[in-house]
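Biologist: I am new to this structure and would like a close look at a single part of it. Please take the buried charged residue in one of the loops, and then describe what surrounds that place.

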Amino acid sequence: MSHIFDWIFSQYQDTPTHLIVLEMIGVLFGFLSVWYSKRENILVFPTGIISTGIFVYILLVFGLLGDMLINAYYFVMSIFGWYIWTRKIDETHFIPITRTNTKEKKWSVFLFVTTVAFVCGVYLIFDKFESWTAYVDTLTTAIFFVGMWLMARKKLENWVYWIIGDVISVPLYLYKGLIFTSLQYLLFTVIAILGYYAWRKSLNKSPQTLLK
């Protein structure tokens with residue numbers, strides 16, 4: 001077991017202490033955010049805002065521009081989602097979890113393609129297409145952009161995007177040396193699978209409380 005911990009912390013030999021601490025705090029709040037999302041709990045948004053704010057800074061330092069942009073986007077979408085989730089359909093019930101309709105599916109495709117084009121443009125402008133991680137980062141950014149948009153709108157299919165993006169992100173962050181973040185995405189994958197089944201059980205049911 002000690003060899004495992006030695007290997008993990010050896011990845012941080014050249015990393016400033018404040019970045020390590022910030023990463024661990026960001027991971028903690030990121031985990032809480034996904035957990036609250038699974039429970040359809042409104043605290044998904046304030047915890048997510050804290051986590052994404054931290055990772056905007058960390059990812060800028062590590063040069064992962066796509067993921068930096070997606071965390072900035074998460075920050076904005078968390079505010080939007082906070083508003084959407086607290087809307088009521090009557091005096092005692094909030095909006096329910098629903099499936100995406102045809103129009104929303106088209107918007108999902110449009111958002112995915114637009115995001116890929118935009119992130120590619122950012123990488124080209126800053127001349128950051130230096131390794132395969134940049135291309136993978138572009139793909140995961142587009143996947144997560146759609147997932148966050150659907151989650152903010154309380155659409156069941158958001159979990160499918162999270163699962164795919166999380167699975168891809170595990171080896172990406174492991175390769176970049178962000179071990180704790182890689183482990184976070186591994187846990188995210190498990191929670192996303194559980195979240196999908198939990199939300200499917202609550203499909204079309206209007207909750208009376210958002211603190212569960």
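Modeller: What follows starts at one loop residue and works outward to its partners, the flanking helices and the core.

The model is predicted, and everything below is computed from it. The residue to begin with is Glu40, in the loop between α2 and α3. Glu40 counts as buried because its relative accessibility is 3%, and the cut-off for buried is under 20%. The backbone at Glu40 also has a positive phi, about 60 degrees, although Glu40 is not a glycine. Most residues other than glycine have a negative phi.

Two lysines meet the side chain of Glu40. The side chain of Lys154 makes a polar contact with the side chain of Glu40 at 2.6 Å. The side chain of Lys212 is joined to that of Glu40 by a polar contact of 3.2 Å. Setting aside neighbours within four places in sequence, Glu40 is in contact with these two lysines and also with Trp85, Ile97, Trp199, Ser202, Pro207 and Leu210.

Lys154 is itself a loop residue, placed between α6 and α7. Lys154 is buried because its relative accessible area is 0%, against a cut-off of under 20%. Lys154 too is a residue other than glycine with a positive phi, near 60 degrees.

The two helices on either side of the Glu40 loop pack against each other. The angle between α2 and α3 is about 145 degrees, and their axes are 8 Å apart. The crossing of α2 past α3 is left-handed. Sorted by class, the residues in the contact of α2 with α3 are 15 nonpolar, eight polar and one charged.

Next comes the core. The largest nonpolar core has 53 residues, and those that touch the most other members are Tyr73, Tyr74, Trp85, Met148, Met151, Trp162 and Trp199. Two or more residues each come from α2 (17-38), α3 (44-62), α4 (65-85), α5 (102-125), α6 (132-152), α7 (158-176) and α8 (179-201). The helix that gives the most is α6, with nine residues. In soluble globular proteins, nonpolar side chains tend to be buried together. Two of the core residues named above, Trp85 and Trp199, are among the contacts of Glu40.

Met151 shows how this core meets the rest. Not counting residues up to four places away in sequence, Met151 touches Ser37, Val44, Phe45, Trp85, Asn158, Trp162 and Trp199. Trp85 and Trp199 therefore appear beside Glu40 and, with contact meaning heavy atoms within 4.5 Å, beside Met151 as well.

One polar neighbour of Met151, Asn158, sits in helix α7. Asn158 counts as buried because its relative accessibility is 0%. A polar atom of the Asn158 side chain lies 2.7 Å from the backbone oxygen of Lys155. Beyond residues up to four places away in sequence, Asn158 touches Gly147, Leu150, Met151 and Trp199. Asn158 and Thr100 are 58 residues apart along the chain, and their C-alpha atoms are separated by 9.2 Å.

To return to the start: Glu40 is a buried loop residue, with polar side-chain contacts to Lys154 and to Lys212.

Terms used:
Residues numbered from 1 in each chain as written. Predicted model: local features only at pLDDT ≥ 70, side-chain atom pairs only at ≥ 80, totals over all residues. Heavy atoms only, no water. Core = buried A, V, L, I, M, F, W, Y, C linked by side-chain atoms within 4.5 Å. Buried < 20%, exposed > 50% of the residue type's maximum accessible area, 1.4 Å probe, protein only. Helix = DSSP H or I, 4+ residues; strand = E, 2+ residues; numbered from the N terminus. Axes fitted to C-alpha atoms, helices over the stretch in contact; angles between N-to-C directions. Left-handed = near helix turned anticlockwise from the far one by under 90°. Nonpolar A, V, L, I, M, F, W, Y, C, P; charged D, E, K, R; others polar. Polar contact = N/O pair within 3.5 Å; in protein donor to acceptor, adjacent residues only side chain to side chain.
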